[in-house]
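Trainee: Before we begin, I would like to learn how to read such features one at a time, with the general idea and then the case at hand. Could you show me the structure?

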Amino acid sequence: MCLLEVTVSTEIWQAAGVARQYVQQLRAENAQDTRRRILDAVATRLREAPTQPISLDKVAAQARVARSTIYLVFGSRAGLFEAFAEDLGDRTGVAALRAANEAPDPRNKLRGALAAGNLMYERDRAIYRVLFSMRQLDPESIGGAMQLNERNRAEGVAWLAGLLGAAGHLRPGLSVDDAARILFVLTGFEAFDALYTDRGLPVEAVTALILAMAERSVLRENGG
């Protein structure tokens, strides 16, 4: 084989490698686009028919995919709803909630988490309203994903109550378990929505009121 043939062969091999990478990139981008369209279609269905169980046929039609594609991308009906709940958190600000939990003082964790959680609810209140209703109306579908979300929130406030107790910040006579129960109520969507929607308060005022209730109910008077 002459030098020219070796050079040409090398160039062909390199070109084939670039082409493979390009095809793989296109496939990855198409997969992401398909995933995004399906998740957006779930949101559309929730907004357009908030009292009806989610129909995968209608989600597929909205996303312009076959029903089987939903299972291919998400694995199962439950996998779709879990992914939707996770995506909702990502786009409404769960990163800020996680950042609040990094504060060294547990009292600041409480303040930051309340503010971040209420902002998440406010950024897509309509979807959160439907999802929390679905816990009772359709627990076998997307309501199940929200039940998991609420179990995680319960664990989070129990952890925070434990930190407050260990640091001596809890109100005298209040157990860690009762502090966790109070915080679970005050950090929930229903508490936010009662003030934001029913009373028409801006999210900043909602957070200030709920934080005041939380501090007076849970923290020592000098826990500042």
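Trainee: Is Arg47 buried or exposed, or does its relative accessible area place Arg47 in between?

Mentor: Buried means under 20% relative accessible area, exposed means over 50%, and partly exposed lies in between, with a 1.4 Å probe and protein chains only. Arg47 has a relative accessible area of 45% and is therefore partly exposed. Keep in mind that this is a predicted model, in which local features need pLDDT of at least 70 and side-chain atom pairs count only at pLDDT 80 or more, whereas totals for chains, interfaces and linings use all residues. Residues are numbered from 1 along each chain as its sequence is written, and side-chain values use heavy atoms, with hydrogens and water left out.

Trainee: With which residue does Arg47 form a salt bridge, and where do the two residues lie?

Mentor: A salt bridge is a side-chain nitrogen of Lys or Arg within 4 Å of a carboxyl oxygen of Asp or Glu. The partner of Arg47 is Asp124, and their closest N and O atoms are 2.8 Å apart. This pair links distant parts of the chain, since Arg47 belongs to helix α1 and Asp124 to the loop between α6 and α7, 77 residues apart; helices are DSSP runs (H or I, at least four residues), numbered from the N terminus. Asp124 has a relative accessible area of 7% and is therefore buried.

Trainee: Which residues are linked with Arg47 and Asp124 in a network of salt bridges?

Mentor: The network consists of Arg36, Asp40, Arg47, Asp87, Arg91 and Asp124. Within it, Asp87 forms a salt bridge with Arg36, the closest N and O atoms being 2.8 Å apart, and this pair again links distant parts of the chain, with Asp87 in helix α4 and Arg36 in helix α1, 51 residues apart. Asp87 is buried, at a relative accessible area of 14%, while Arg36 counts as partly exposed at 31%. For the surroundings of Asp40, you may also look at Gln62, which is found in helix α2: Gln62 and Asp40 are 22 residues apart in sequence, and their C-alpha atoms are 8.8 Å apart in space.

Trainee: How many salt bridges does a search of the whole structure find?

Mentor: The search finds 14 salt bridges. Another of these joins the side chains of Arg125 and Asp193 at 3.0 Å, N to O, and connects helix α7, which holds Arg125, to helix α10, which holds Asp193, across 68 residues. Arg125 counts as partly exposed at 25% relative accessibility, whereas Asp193 is buried at 4%.

Trainee: How should I read a pair of aromatic rings, and how are Tyr121 and Phe189 arranged?

Mentor: A pair of aromatic rings is described by the distance of the centres and the angle of the planes. Rings of Phe, Tyr and Trp (its six-membered ring) pair if their centres lie within 6.5 Å, and planes under 30 degrees apart count as stacked, over 60 as edge-to-face and the rest as tilted. The whole structure has eight aromatic pairs; in one of them, Tyr121 and Phe189 are edge-to-face, at 5.4 Å centre to centre with 85° between the planes. Tyr121 lies in helix α6 and Phe189 in helix α10 (residues 189-198), so the pair ties together parts that are 68 residues apart in sequence. Both rings belong to buried residues.

Trainee: How is the pair of Phe132 and Phe189 arranged?

Mentor: Phe132 and Phe189 are stacked, at 5.2 Å centre to centre with 10° between the planes. Phe132 in helix α7 and Phe189 in helix α10 are 57 residues apart, and the pair links distant parts of the chain. Ring pairs further link Tyr121, Tyr128, Phe132, Phe189, Phe192 and Tyr196 into a cluster.

Trainee: Which residues lie nearest the centre of the largest pocket?

Mentor: On a 1 Å grid over the protein atoms alone, a pocket is an open set of points where a 1.4 Å probe fits, with protein on both sides within 12 Å along at least five of seven lines, and lining residues have an atom within 4 Å of a point. Val94, Leu97, Asn149, Asn152 and Arg153 lie nearest the centre, among 33 lining residues. The largest share of that lining, 11 residues, comes from α8.
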